[in-house]
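Student: I would like to understand how the terms used for a structure like this one are justified. Could we go through some of them slowly?

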Amino acid sequence: MTAGARPWVVLKFGGTSVSRRNRWDTIGRLAAKRMADEDVRVLVVVSALSGVTNELQAISQGDAVDARIGALVDRHRAFCAELDLDPETVLGQRLGALQSLGTDPRAQSRPLDWQAEVLAQGELLSSTLGAAYLRTQGLDFGWCDARQWLDAVSLPNASDWAQRLAVNCRHESSAEFLERFGTQAAPMLLTQGFIARHGDGGTAILGRGGSDTSAAYFGALLKARRVEIWTDVPGMFTANPREVPDARLLTRLDYAEAQEIATTGAKVLHPRSIAPCRDAGVPMAILDTERFDLPGTRIDASATTVAGVKAISRRNGIVLVSMESIGMWQQVGFLADVFERFKRHGLSVDLIGSSETNVTVSLDPSENLVTTNVLEALSADLSQVCRVKVIAPCAAITLVGRGMRSLLHKLSDIWATFGRERVHLISQSSNDLNLTFVIDEADADGMLPQLHAELVRGGAMPVLDASVFGPSWREIAHGKLARPAPWWAGARPALLDAARTGTPRYVYDLATMRERARALRSVEAISHCFYAMKANPHPELLRALVQEGFGLECVSQAELDHVFAHVPSLLPQRVLFTPSFAPRREYEAAFARGVTVTIDSVEALQKWPEVFRGQRVWLRLDLGHGEGHHEKVRTGGVAAKFGLPVARFDAFLALARTLDLRITGLHAHLGSGIDNPRHWREVYAQLAGLADNVGTVETIDIGGGLPIPYTPDAQDFDLALWRDGLEEIKAAYPRYGLVVEPGRYLVAECGVLLLGVTQVIEKDGVRRVGADAGMNALMRPAMYEAWHGIHNLSRLDEANDTAFDVVGPICESGDVLGRNRLLPGATAEGDVLLVADAGAYGMAMANTYNLRALPQQDIIGP
Ligand SMILES: *Cc1c(COP(=O)(O)O)cnc(C)c1O
């Protein structure tokens, strides 16, 4: 192949990548590697040294021109010295050109063509000294002036300013362009971002994000094999990693998704740069100069698009304009009247919501000059045709992804979260790529990590799809801590033996449970631990936990009877009774047994005063909000049936006094699977504040709810942070005993459910593995959309290469244990499946629906 016919790869480097010598070494190495590995020619597009464009901007505005030019000359001379280049030989002419722009008579009136020339100097300087340096390193680099190749197009309606300082360029490829560009001799070329040729032959500027866009134009014109944008971040993420450390690297996007993500938040790639590559079908890649080993983000016309939310972003400073029609209902031309006025004030509208009589639109400050003056003038103008209300500052929170409309059912937690805020506007784009919520800016603080977690948990963001989702920012920044292998991987022969005696079958490993129990018992701030036995009432587990120093927490009389039948030595003061809407006789029975009773309503005292007169009780409070992994496990807030609202606390105390009822403990349990380790610290603080008003409180019970990592990507619960929080707050209120009552945390990971494969069936492209039990044995997936790891224990050594839905034998379409699970392709009738982390709320919720038998249970370990 002749040099001219070899394909091109375009590499773009930004300001921080060209400001140090070692960074130029990197540029040289990368360019040479591309050329050698792929037999291509390489065009490198560079920005100005970091900070230089801002200085030139100030000069172009006539601000301290001489001093700034002097400083820029010194800076570039010094950098030449760092590169072992002679400043005079390499940059003498260019620095002279910069200085003469300062003395140019146009510097007084500052016409646009002069401003453009000033702004262009930064890239001309950086590219010139870079090419000289790379040549001294033995690399065959040529230099070319981008203004000879990129032609600005003049757009109708564009202002003179935009036609000079924010131009678009022609980017239709032609054989003639390729031929002409290819005649440049050097195999590698260096050129400038940000600048182009104006129609009058002078300089034009591409404006914001100019260097990315230059690279994209060159990529399109050269029909390049690829445009690589090299930056100092690993690529595009599912959220801003500074705000959401669990944000995942997006390794593959199509152009439309990338465009939407770039437009609504991510700063790594300028949104303008995508269209030229998309039009020319040139793939793009965002790569990290510091972390070559990461895959980066690839953007191309992906053949198979993965449905799901790819990113969530937040834009601040949004202004909403709400316009109430004062004319006739559905009056013709109302919208035209309204929008004409936005045009008049040079404002481009982002989102729109409308009803018969109201239209609300949003203005994005990054697209508009939204000043108080402009808004006042607009409002005055609009008030001629409608009643106007401006709502600001707002935040726009946007979900981006394919097939938003078919995902709505997986967004239930997201809707619920927004349901707690004041939502001004919801907008769903007509291309089905974007769903945006506009709320008050102050309310949006701290919401993104929670929303991101909800997207993952609800399955709307399919992070387990490795073709799109890469490592999390946390893993990239801190390295991934490999989780130790689960206990069951080492117990495979014993488990297969157990399965031969019959499935379905739960197996519990006592050692794993004891390990969790000891971790909690070692927290010194805690006075007493109680096990919430409803999670798993197996007698051997109860006995082992009592041995480990735990008390037991019961929620029904039957649980109390069960406890004293199986652990008769247990003292009643080591037992809590925390029922919900239980009949009167259960309270009487509990008092008779001498256990600690928790009540949670005024009504109980009003209806049954004689049951409570003269007793000691704990009081369960609803602190006004719920937490947890699913709507159905949140046990606080108006929607939940549990707890006395704080507003009725005083009424309760007054009534208790008349009954001589002594309140010795305050209790709150606000949900299950709460992943914020600071939650419990706050519960303690709130309860302790209330306890101070009671006078008789000895104990504060902050509930259970500790999570376990069900999914491979979930964070392990940060027990150290949890402990530190409790120790801190305990030190602030030392006079109360601190009680916790976890269930799941103790027993979930110690249990597995073994199932036998009954049938493997393919239907309309979906493969299903049938198991001999499903929602009858393990309700959590059907009830909470919970995710459990599913493994083929019989074929643990084979590759998990085929996606199956794993279903049970129950006549319900919800009888699915897991969708799209990778299992060995040879999975067949008679294999043993293992469902992991099934020790909590597994057997405890099993039922005989369809008259299928309950699972068997085994214990292993001491
Ligand atoms: C269920 C329950 C718990 C335990 O919840 P986990 O999420 O399993 O830790 C604790 N306290 C009360 C009152 C409960 O009802």
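Student: What makes the pair formed by a backbone N or O atom of R744 and an oxygen atom of the ligand a polar contact?

Tutor: This is a predicted model, and in it the backbone N or O atom of R744 lies 2.7 Å from an oxygen atom of the ligand. A polar contact requires a pair of N or O atoms within 3.5 Å, so the pair at R744, with its 2.7 Å, qualifies.

Student: Which side chains have a polar atom beside an oxygen atom of the ligand?

Tutor: In the side chain of K534, an N or O atom is 2.7 Å from an oxygen atom of the ligand, and a polar side-chain atom of Y841 lies 2.5 Å from an oxygen atom of the ligand. Taken alone, the ligand exposes 390 Å², and the protein buries 94% of that area.

Student: How many residues surround the ligand, and what classes make up the shell around it?

Tutor: The ligand is surrounded by 14 residues, of which K534, S672, G705, E741 and Y841 are the closest. By class, the shell consists of three nonpolar, six polar and five charged residues. G705 is one of the closest residues, and Gly is counted as polar in this scheme.

Student: Why are strand 3 and strand 11 said to stand at the edges of the sheet?

Tutor: The open sheet is formed by eight strands in the order 3-6-2-1-9-12-13-11, with mixed pairing. Strand 3 (141-143) and strand 11 (252-253) each have a single partner strand, so one side of each is left without a neighbour in the sheet.

Student: How do you know that strand 1 and strand 2 are paired, and in which sense?

Tutor: Pairing asks for at least two bridges, and strand 1 (residues 8-13) and strand 2 (residues 41-46) have six, in the parallel sense, so they count as a pair. Within this pairing, V10 has L43 in strand 2 as its bridge partner.

Student: What joins strand 15 to strand 16, and in which sense do they pair?

Tutor: A hairpin joins strand 15 to strand 16 through three residues. Strand 15 (residues 349-354) and strand 16 (residues 358-363) pair in the antiparallel sense over four bridges, and S354 stands opposite V359 in strand 16.

Student: What are the bounds of domain 3 and domain 4, and how many residues of each are in contact?

Tutor: The division of the protein includes domain 3 (537-742) and domain 4 (751-860). Their C-alpha centres lie 34 Å apart, while 13 residues of domain 3 are in contact with 11 residues of domain 4.

How values were computed: Residues are numbered from 1 along each chain as its sequence is written. This is a predicted model: local features need pLDDT of at least 70, side-chain atom pairs count only at pLDDT 80 or more; totals for chains, interfaces and linings use all residues. Side-chain values use heavy atoms; hydrogens and water are left out. A residue is near a molecule or strand if one of its heavy atoms lies within 4 Å of it. A polar contact is a pair of N or O atoms within 3.5 Å; within protein, one must be able to donate a hydrogen and the other to accept it, and residues adjacent in sequence count only if both atoms are side-chain atoms. Accessible areas come from the Shrake-Rupley method with a 1.4 Å probe; for residues, only the protein chains shown count as cover. Helices (H or I, at least four residues) and strands (E, at least two) are DSSP runs, numbered from the N terminus. Domain bounds come from an automatic or database domain assignment. Contact means heavy atoms within 4.5 Å.
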